[in-house]
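Here is an informal look at one structure, covering a helix pair, some internal cavities and a couple of backbone oddities. Have the coordinates open as you read.

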Amino acid sequence: MTNASRAASRTIRGWLVRRSALAILMLLIVSFLIFCATQALPGDVALIVLGKEASADQVQMVRQQLNLDQPVLVQYLRWLTALLQGDFGTSLVSRVPVTDILLPRIMNSFFIVTLSMAVAVPVSLALGVLTATRKDGLADRTIMAGSIMVNALPEFVLGLFLVLLLSTSVFHVFPAVSLLSPGKPIWTQTDRLAMPVITLILLQVTYLYRLVRGTVIDVLQTEYVQFAALKGMSPRRILFRHVLPNALVPAIQAAGTIFAFSVGGVVVIEYVFGFPGLGTALADAVGMRDIPVVQAAVLVISVTFFVVNIITDIVSFMLTPPGRGGRN
Amino acid sequence: MSDKRTIEYLTTTRRNFLLGTTGAVLSLGVLPGSLAFAADDAVTLRVAATGSNADSLDPHRTQGQITDIVRFMNIYDGLSEYNPDASVGLSLAESFTPNADSTEWTLKLKAGIKTHDGKDFGADDIIFSVKRILDKEHPTKGSALISFIDPANVTKVDAATVLFKLKDPYGPFPDVWANRYLRMVPVGFDPAKPVGTGAFKYVSFTPGRESVFERFDDYFREKAKVKTLQIVNISDAAASINALRGGQVDMAYKIPFAEARIIEADPAMKLLNNPSAMAIPIYMRTDVEPFKDVRVRQAFRLIANREQMVKVALAGYGAVGNDVQGRSIAPCGPTPIEQRKQDIAQARKLLDEAGKAGLTIDLVTVNGTSGMVECAQVFAEQAKAAGVTINVKVTEEAAYLANYGNWTFGVDFLSDAYLPVVARSLLPGGTFNTSHWNDADFNALYKKAVSISNVDQRCDVIHDMQKAEYERGGNIIWGFANTLNAYKAGLAGIEPYVVDSPFYHLRKVSFA
């Protein structure tokens, strides 16, 4: 290893340590803010558990059983101490470990998001390059119109439209609802995932490809690309050797954000297809004031954002040319 | 007719003839019975309902989600049960015998009742269940219904007989046990390995996802017609209908009023329109201003255009109410009181007399059952004609519950037969008494009604109670919402229920 590469790896290590420390601090702040937010919401889990029939005594008893009668800070520290020992706590509503509720849903969400991104990223790149090089042509205009239409539709409308098209009314190709058997791993039931995955792919591609298209157009207009063309370099070589690597960085950043968002933020899609994912688990837990489940789900989503950001930052760093903030 | 068209016509009619003949033969039951049964035997009935991660197999300590209720109604039994028309029949009980003043009731169980683990079900199990329901340490939904029972005064007479000694007379004793939250479980019941007496027995359960049960072949009465029952959680109504339409489930519980016409128009699906006893009252707190004054309450009742509310809030799937609880159902039938109609002039006059002309007030509601938000919005519109400004506040469930019982003006929903509804919502101390109504005459009439075991005599008193409600009550009972379910065309044994649901009696369902 040369001195320069050793120095580079030291820099990356230092940067990673700094980012991780910041991330942990950020997670602590997020968890505390979420805890405070759940406290600020009217009503608590004792009322939800007991329902309208509950007498004041019964509510008080359940509050005591669940330690809800203690000061907020005490409750938070109790949760944090357990977390540091690897214990995510127990759901206040169903009285089962939070991990039992969330782990299968986390796996489900990660699986369909990974699957959709594995298709969406290469398709977006191809479409982005294709439409950028044929700017204002028929293909570009058609694809752009289609993409804007898909993006303009609310997620549930798109989902329902696809159900009508592919499951119930026009064709009967895929099951309308993702009724996953809890006993089997999700990857053995891919036929039931088609609808949410197709919906995700459509949403991801229509956003991501426009970003790729925009950056490719920008790069195509730079002086160094025009200079390469004047020098007689082949358009293919210009595109793949000089344009694409430069256009990739914003796309990778966006893909990372889309990935992290899709893991916990596609509640509507999960509802429309009855898909047991992380987003609906979080939404339900907020509705029921099930604080340990809310905390754990938010933590998972935050960590996903953090890890994905680190990865995209590293990839971007590797791709950025030296002299523009990339590696030496 | 051209040759080509003639051939087409003949082909079509030949095909139709063959299909028609086969259909007719099948419908006449000419096929051997064993073959027809084998078809049923082989199938799984798949049911979609709403639940959550808080799903439970415990029939007593439950949050009362639909998935829970459907499950426990099919794996456990009650002592009595609701018939489709809301009359009460006997289930585990062979008989209920009162003493002269209905302060002692002797319960005799049917013979030959077995639990899923092969044991005999008897008096000890009943006493265990009653104590479990009334356990103060672990509040249950059913405890309020039988709070008149002291568990210490429930004694075993013999293996199949139990004696209940009550402090006060209680005439409708056999009826109360039909409630869904009063299921009977065997001694030592463990919800982790649930054992009951019901038509289906436990196979597997994943909270918030699905549960599977199989037919209990030693069931004490006609056993289930399908071999396996699968209950899947689908929260979203549209997803539930799509699953039905796509053939992933056979029955779907949650059908919003807005989707009903679509299902009715689809030949592959059937809509089940249950004329349920569910009222969606707009309640007015009778103990605080401005509703302390009965004239204001009556004025608000006169503002309601009930037909319009049923038409808009329930999409027509319901019946107009007359400010009295309990839809006109068994056993007492219609109430002989004139139907209250919208009368804006009279409403204005009453408000003027009460000094409350031009009143402005918040109406609190929640996205609970279909119609709860819509009825508030329609009523607010109607109130403008009487110079009343109503601000509809749609709250989140937890926020609504946080102040439940204290809102001055709000919307609620209640579904039960008349006397249980009264006990819970029209008497002082009732947990659903959102109007805080405490009317001495009405309370006395209730006491009298529950002391009578003769149904006709009790109904006379009930009619007097309804008259009091109509004249001075705190609820605008503008309508009763039907409960809508849907199922795949071709299923048999499904009929509409007033208090219960066909989903609570899945042993009767078969693939015809």
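H7(A) and H8(A) are oblique to each other, because their angle of about 130 degrees falls outside the ranges for roughly parallel, roughly perpendicular and roughly antiparallel, the last of which starts over 145. Keep in mind that this is a predicted model. The two helices span residues 155-168 and 194-220 of chain A, and their axes lie 10 Å apart. As for handedness, the H7(A) and H8(A) crossing is right-handed.

Who touches whom here? On the H7(A) side, the contact involves Glu155(A), Leu158(A), Gly159(A), Leu162(A), Val163(A), Leu166(A) and Ser167(A). Facing them from H8(A) are Met195(A), Ile198(A), Thr199(A), Leu202(A) and Leu203(A). Sorted by class, the contact of H7(A) with H8(A) has eight nonpolar residues, three polar and one charged.

Now for the cavities. The model holds four cavities of 30 Å³ or more. Here are the largest and the second largest side by side:

| Cavity | Volume | Lining residues | Lining by class |
|---|---|---|---|
| Largest | about 250 Å³ | 22 residues | seven nonpolar, nine polar, six charged |
| Second largest | about 130 Å³ | 16 residues | six nonpolar, five polar, five charged |

Which residues come closest to the centre of the largest cavity? They are Arg105(A), Gly274(A) and Pro276(A) from chain A, plus Gly208(B) and Asn233(B) from chain B. Three elements give two or more residues to the lining of this cavity: helix H11 (267-272) and helix H12 (278-287) of chain A, and strand S10 (228-233) of chain B.

For the second largest cavity, the residues closest to the centre are Met73(B), Asp77(B), Tyr219(B), Arg221(B) and Tyr504(B).

Two backbone details in chain B deserve a quick look. Most residues other than glycine have a negative phi, and most peptide bonds are trans. Glu289(B) and Pro290(B) are joined by a cis peptide bond, with omega about 0 degrees. Where does Pro290(B) sit? It is in the loop between strand S13 (282-284) and helix H8 (294-303) of chain B. Then there is Ser102(B), a residue other than glycine with a positive phi, near 60 degrees. Ser102(B) lies in the loop that runs between strand S4 (93-98) and strand S5 (104-109) of chain B.

Technical notes. Residues are numbered from 1 along each chain as its sequence is written. Chains are lettered from A and ligands numbered from 1 in the order in which they are written. This is a predicted model: local features need pLDDT of at least 70, side-chain atom pairs count only at pLDDT 80 or more; totals for chains, interfaces and linings use all residues. Side-chain values use heavy atoms; hydrogens and water are left out. On a 1 Å grid over the protein atoms alone, a cavity is a set of points where a 1.4 Å probe fits but cannot get out, and a pocket is an open set with protein on both sides within 12 Å along at least five of seven lines; lining residues have an atom within 4 Å of a point. Grid points are joined across faces, edges and corners, and a volume is the space filled by probe spheres set on the points. Helices (H or I, at least four residues) and strands (E, at least two) are DSSP runs, numbered from the N terminus. Ala, Val, Leu, Ile, Met, Phe, Trp, Tyr, Cys and Pro count as nonpolar, Asp, Glu, Lys and Arg as charged, and the others, Gly among them, as polar. Axes are lines fitted to C-alpha atoms, for helices over the stretch in contact, and angles run from 0 to 180 degrees between N-to-C directions. Angles under 35 degrees count as roughly parallel, over 145 as roughly antiparallel, 65 to 115 as roughly perpendicular and the rest as oblique. A crossing is left-handed if the near helix is turned anticlockwise from the far one by less than a right angle, and right-handed if clockwise. Contact means heavy atoms within 4.5 Å.
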